[in-house]
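Subject: Structure handover

Hello,

Here is the structure I am passing on to you. Please open it and keep it beside you while you read the notes below.

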Amino acid sequence: MELIYLLNSGFLIRDERTLLIFDDYEDPAGIADAAYDNGDFDNLYIFATHAHFDHFGTHIRAYARKVSRYIFGNDIKHTKRVKIFPTKKITYMKRYTEWQDDTIKVRSFDSTDVGVSFLVELPSGKKIFHAGDFNWWDWEDDTPENIELAEKIFKRQLKRLGDLEADVAFFPVDGRLGLSQEKGAIDFAAKTKIKSFVAMHRVDYPIWEPSQKFLSVSKGIPIWSPIKPGERRIFDGEKFLED
């Protein structure tokens, strides 16, 4: 499975002849364009977890001719930007719903911000989890009431994930949260059954160096913290290999 970093929470994933693109709001390295123009795929699915500008960019409309399906969080349905997309090729997903075709199966979960997160099962049987903006948003300068609410909402939604299993999990480790940037990641890694972890939502921040606490609860799973658009890794089921 090939993973390529686009920007922020944006990634392109290639598994055999299936391409998945998540939250591509900007692609400064031109990765998605090159993959589309090359045409070396049988199926192309483009996901946007929610309508925030740094997750949903209208330039992905350019891929409509070859796209198998646009799969969007339901809040995108109410934006003006989505009107340029071909309606017949869009599936909007509310939280805790499922959609599938002959190639992939998608389950949606709730977020702690806007939109949804996605669990995608590929033809090979591999599973990808993309959290979108699902995270423990513990802002240092927030009010005690909001800090308490953020913890409550996150832990409630994490419980709804149940025994989530995924080969690769993309999850926010946002540097703006300061000392709390790992809080959500630690609980997520501890409560789920993921085989690898990719840090995202880190624009303008350096490579994330996991704390000992994260390393302990994650039980030594492979970790990737990309910072440069166009970075590539191959996940072989046990480790990330540089391309």
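Which residues form one aromatic cluster? Tyr96, Phe109, Phe129, Phe134, Trp136, Phe154, Phe171, Phe188, Phe197, Trp208 and Phe214 do. Bear in mind that this is a predicted model.

**The eight-stranded sheet**

One open sheet has eight strands, and its pairing is mixed. Read across, the order is β6-β5-β4-β3-β2-β1-β16-β17. The edges are β6 (90–93) and β17 (240–242). Each has a single partner strand, so one side of each is left without a neighbour in the sheet. On average, neighbouring strands here are turned by 25° against each other, with direction ignored.

Take β4 and β5 as one pair in this sheet. They run parallel and share four bridges. Phe47 has Ile71 in β5 as its bridge partner.

Now go to strand β1, which covers residues 2–7 and holds Glu2. Is Glu2 buried or exposed? Its relative accessibility is 14%, so Glu2 counts as buried; the cut-off for buried is under 20%. The side chain of Glu2 makes a polar contact of 3.0 Å with the side chain of Arg232. Beyond its neighbours within four places in sequence, Glu2 also touches other residues, among them Leu12, Ile13, Arg233 and Asp243.

**The seven-stranded sheet**

A further open sheet has seven strands, again with mixed pairing. Its order is β7-β8-β9-β10-β12-β14-β15. At the edges are β7 (98–100) and β15 (223–224), and each pairs on one side only.

Follow the strands from β9. Strand β9 (residues 116–121) pairs with strand β10 (residues 127–130) in the antiparallel sense, over four bridges. Val120 is bridged to Ile128 in β10. The hairpin of β9 and β10 has five residues between its strands. One residue of the hairpin, Gly125, takes a positive phi near 95°.

Next comes β12, which covers residues 168–172. It runs parallel to β10, and three bridges join the two. Phe129 stands opposite Ala169 in β12. You met Phe129 above, as a member of the aromatic cluster.

Further along, β14 and β15 are parallel and pair over two bridges. There, Val198 has Trp224 in β15 as its bridge partner.

Which strands does helix α3 lie across? Helix α3 (residues 183–191) lies across β10, β12 and β14. The helix runs at about 155° to β12.

**Aromatic pairs**

How many aromatic pairs are there? The count comes to 27. Two of them follow.

What kind of pair do Phe56 and Phe72 make? Their ring centres are 5.3 Å apart and their planes stand at 65°, so the pair is edge-to-face; that label needs an angle over 60 degrees. Phe56 is in the loop between β4 (43–48) and β5 (69–73), while Phe72 is in strand β5, so the pair ties together parts that are 16 residues apart in sequence. Both rings belong to buried residues.

Then look at Phe171 and Phe197. Here the centres are 6.1 Å apart and the planes are at 45°, so this pair is tilted. Phe171 sits in strand β12 and Phe197 in strand β14 (residues 197–200), so the pair links parts that are 26 residues apart in sequence. Phe171 and Phe197 are both buried. Both are also in the aromatic cluster.

**Charges over rings**

Two places are worth a look. Lys66 lies over the face of Tyr36, at 4.7 Å from the ring centre. Arg160 lies over the face of Tyr96, at 3.9 Å from the ring centre. Tyr96 is one of the residues of the aromatic cluster.

**A loop position**

Finally, find Asp204, in the loop between β14 and α4 (212–217). Is this residue buried or exposed? With 78% relative accessibility, Asp204 counts as exposed. Asp204 and Gly175 are 29 residues apart in sequence. In space they are 8.6 Å apart, C-alpha to C-alpha.

Best wishes

Conventions
Residues numbered from 1 in each chain as written. Predicted model: local features only at pLDDT ≥ 70, side-chain atom pairs only at ≥ 80, totals over all residues. Heavy atoms only, no water. Buried < 20%, exposed > 50% of the residue type's maximum accessible area, 1.4 Å probe, protein only. Polar contact = N/O pair within 3.5 Å; in protein donor to acceptor, adjacent residues only side chain to side chain. Contact = heavy atoms within 4.5 Å. Pairing = 2+ DSSP bridges. Phe/Tyr/Trp six-rings, centres within 6.5 Å; stacked < 30°, edge-to-face > 60°. Lys NZ or Arg CZ within 6 Å of the ring centre and 35° of its normal. Axes fitted to C-alpha atoms, helices over the stretch in contact; angles between N-to-C directions.
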